[in-house]
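Student: I have a structure open and I'd like to talk it through with you. Could we start with one residue and then move on to some helices?

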Amino acid sequence: MQAWQVHQNGEPAEAMRLLEVDRPTPGDGQVLLRVRAANINFPDALMCRGQYQVRPPLPFTPGVEICGETEDGRRVIANPALPHGGFAEYAVADAAALLPAPDALDDAEAAALHIGYQTGWFGLHRRARLEAGETLLVHAAAGGVGSAAVQLGKAAGARVIGVVGGADKVAVARELGCDVVVDRRSEDVIGAVKEATGGRGADVIYDPVGGEAYTQSTKVVAFEGRIVVVGFASGSIPSPALNHALVKNYGVLGLHWGLYNTKNPKLVLHCHEQLTELAARGAIKPLVSERVPLSGAAAAVQRVADGVTTGRIAVVPTLENGAAA
């Protein structure tokens, strides 16, 4: 089979190589899956660079989120068991962690439903306890993680403010349902958010960016507001001033979604049931901005690493010459 492998850490476009390799052999409790679509996540780029908290042994195949097909023909969502990741024709995954792919979504959309939407659901509902009528601020609202949070916020009845970088992403954020969109490249984020909220600020802030975005969050968080920290796409990890959190009376909540798979896996299944129901009634639908063939995976991962994409890019092995399957 064909699979992308990383033999030496570096930028995805340079580190990933498309090779002909043997199909992976499932271990105890694992199953072999034919990859129908693999969603590209920022952690894939970090793993290529050797900068992610999970460092699979070299060589490894990136791709942490797929829609796959079991040997008996079931369509499932899975997180492949590294080093046999999803940017390949076949991957392996833990049998106990397989989730049914929603009928309402195609393969690429189903592949994109898992990590980003689970993170959003846990962040907004489990950690921040978002309530209908509250104001939600989402940084990087047109990206893969942010777009999921926007849709989930709207489905929960929140007023959503999206912060994006660039006019093209402004249009995407509006299409996603943001009530207010702020372009950080041409607007003062702090001033715009305060104006949009009558000076009150946002009740919940969803931050997958870190760095300057986190600093802005502390200045526009409302009384009894909650800042949910889900990642550091900017590459800069903030050092929060806890005296500031005390004086302004807000909370800083960390979210590592992967921990729920071991600490409370029943909640992951419950979340998937909620997401499947939301997808069935059209309240959420992963924004797949591009579908690329397997041969285009490395270039696509590099674009995600460079922060120039909107929504999700899916790698679909059945595509030929970039045409729809």
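Student: Which residues does methionine 16 touch, not counting residues up to four places away in sequence?

Tutor: This is a predicted model, and in it methionine 16 touches Trp4, Gln5, Val6, Cys48, Pro62, Phe87, Ala297, Ala298 and Val301, once residues up to four places away in sequence are left out.

Student: Ok, and is methionine 16 buried or exposed?

Tutor: Methionine 16 has a relative accessible area of 4%, and because buried means under 20%, methionine 16 counts as buried. Methionine 16 lies in strand S2, which covers residues 16-20.

Student: Switching to helices, at what angle do the axes of H2 and H12 cross?

Tutor: The axes of H2, residues 42-49, and H12, residues 297-305, come within 8 Å and cross at roughly 100 degrees. The range from 65 to 115 degrees counts as roughly perpendicular, and H2 and H12 are therefore roughly perpendicular to each other.

Student: Which residues make that contact?

Tutor: On the H2 side they are Phe42, Asp44, Ala45 and Arg49, while H12 contributes Val301, Val304 and Ala305. Sorted by character, the residues of this contact comprise 5 nonpolar, no polar and 2 charged.

Student: What about H4, how many of its residues are buried?

Tutor: In H4, which spans residues 115-127, 10 of the 13 residues are buried, so this helix is largely enclosed by the rest of the structure. The buried residues include Ile115, Tyr117, Trp121, Phe122 and Leu124.

Student: And what phi does arginine 129 take, just after H4?

Tutor: Arginine 129 takes a positive phi there, of about 55 degrees.

Conventions. Residues numbered from 1 in each chain as written. Predicted model: local features only at pLDDT ≥ 70, side-chain atom pairs only at ≥ 80, totals over all residues. Heavy atoms only, no water. Axes fitted to C-alpha atoms, helices over the stretch in contact; angles between N-to-C directions. Helix = DSSP H or I, 4+ residues; strand = E, 2+ residues; numbered from the N terminus. Parallel < 35°, antiparallel > 145°, perpendicular 65-115°, else oblique. Contact = heavy atoms within 4.5 Å. Nonpolar A, V, L, I, M, F, W, Y, C, P; charged D, E, K, R; others polar. Buried < 20%, exposed > 50% of the residue type's maximum accessible area, 1.4 Å probe, protein only.
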